[in-house]
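Let's walk through this structure together, one feature at a time. Have the model open beside you as you read.

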Amino acid sequence: MTGDCLFCKIVAKELDSETIHESDSVLAFQDINPAAPTHILVIPKKHVASAADLGGDDGPLLAEIFETIGKLAKDSGVDSYRVVTNVGSDAGQTVHHLHFHLIGGRSMSWPPG
């Protein structure tokens, strides 16, 4: 766990979340401010600040994250969805712990934001 990281506290069970999936390496839970009918956050349990901090050894972790995203989308009944991760405050990253937004269940426009 890293200091006062919100997501590290969720991983450590110090804060509640509506957990949907948990493995040894990955946690998925409902976003508390959903942007769509399906809005799930998928995070690594180990602290990684953002995608910019991933390295070559993180390949298996990323594979598990994307396998989890696919399974959760299917389980949620969405076949069209968006996967988003932000890097840095100017891109909209508010929690500096790598996380992927699985967003679906409605039509979306492009470009986002």
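Salt bridges connect Lys-13, Glu-22 and Lys-45 into a network. Do keep in mind that this is a predicted model. Within the network, Glu-22 pairs with Lys-45, and their closest N and O atoms are 2.7 Å apart. This pair ties together distant parts of the chain, since Glu-22 belongs to strand E1 and Lys-45 to the loop between E3 and H2, 23 residues apart. How covered are these side chains? Glu-22 is partly exposed, at 40% relative accessibility, and Lys-45 is also partly exposed, with a relative accessible area of 22%. That figure for Lys-45 can be read against the cut-off of under 20% for a buried residue.

Lys-13 deserves a second look for its backbone. Its phi is positive, about 65 degrees, although Lys-13 is not a glycine. You will find Lys-13 in the loop between helix H1 (6-11) and strand E1 (19-22), where it is partly exposed with a relative accessible area of 49%.

Now for the other charged pairs. Side chains of opposite charge can pair when their charged atoms come close. A search of the whole structure turns up four salt bridges. One of them joins Lys-46 to Asp-58, with 2.8 Å between the closest N and O atoms. Both partners sit in the loop between E3 and H2, twelve residues apart. Is each partner buried or exposed? Asp-58 is buried, with a relative accessible area of 7%, whereas Lys-46 is partly exposed at 46%.

Move on to helix H2, where Asp-75 and Lys-71 lie four residues apart, about one turn of the helix. Their side chains meet in a salt bridge of 2.6 Å, N to O. Asp-75 counts as exposed because its relative accessibility is 52%, and the cut-off for exposed is over 50%. Lys-71, at 49%, counts as partly exposed.

Helix H2 also has a nonpolar story to tell. Which residues have the most contacts inside the largest nonpolar core? They are Ile-40, Val-42, Ile-65, Ile-69, Leu-72 and Leu-102, in a core of 14 residues. Strand E2 (26-30), strand E3 (38-44), helix H2 (59-76) and strand E5 (100-104) each contribute at least two residues to this core. The biggest share comes from H2, which gives five residues.

Leu-72 makes a good place to stand and look around this core. Setting aside neighbours within four places in sequence, Leu-72 touches Ile-20, His-21, Ala-28, Ile-40, Val-42 and Leu-102. Apart from the largest core lies another, of ten residues, which includes Cys-8, Val-11, Leu-27 and Leu-41.

Nonpolar side chains appear on the surface as well. Phe-66, Tyr-81 and Val-83 form a nonpolar patch there, with about 260 Å² of accessible area together. Phe-66 brings us back to helix H2, and at 42% relative accessibility it counts as partly exposed.

Finally, follow the chain to the segment after E5, where Pro-111 is found. The peptide bond joining Trp-110 and Pro-111 is cis, with omega about 0 degrees.

How values were computed: Residues are numbered from 1 along each chain as its sequence is written. This is a predicted model: local features need pLDDT of at least 70, side-chain atom pairs count only at pLDDT 80 or more; totals for chains, interfaces and linings use all residues. Side-chain values use heavy atoms; hydrogens and water are left out. A nonpolar core is a set of buried Ala, Val, Leu, Ile, Met, Phe, Trp, Tyr and Cys residues joined through side-chain atoms within 4.5 Å. Buried means under 20% relative accessible area, exposed over 50%, partly exposed in between (1.4 Å probe, protein chains only). Contact means heavy atoms within 4.5 Å. Patches are made of residues with over 30% relative accessible area and no salt bridge: like charges are joined within 9 Å, nonpolar side chains (Val, Leu, Ile, Met, Phe, Trp, Tyr) within 5 Å. Accessible areas come from the Shrake-Rupley method with a 1.4 Å probe; for residues, only the protein chains shown count as cover.
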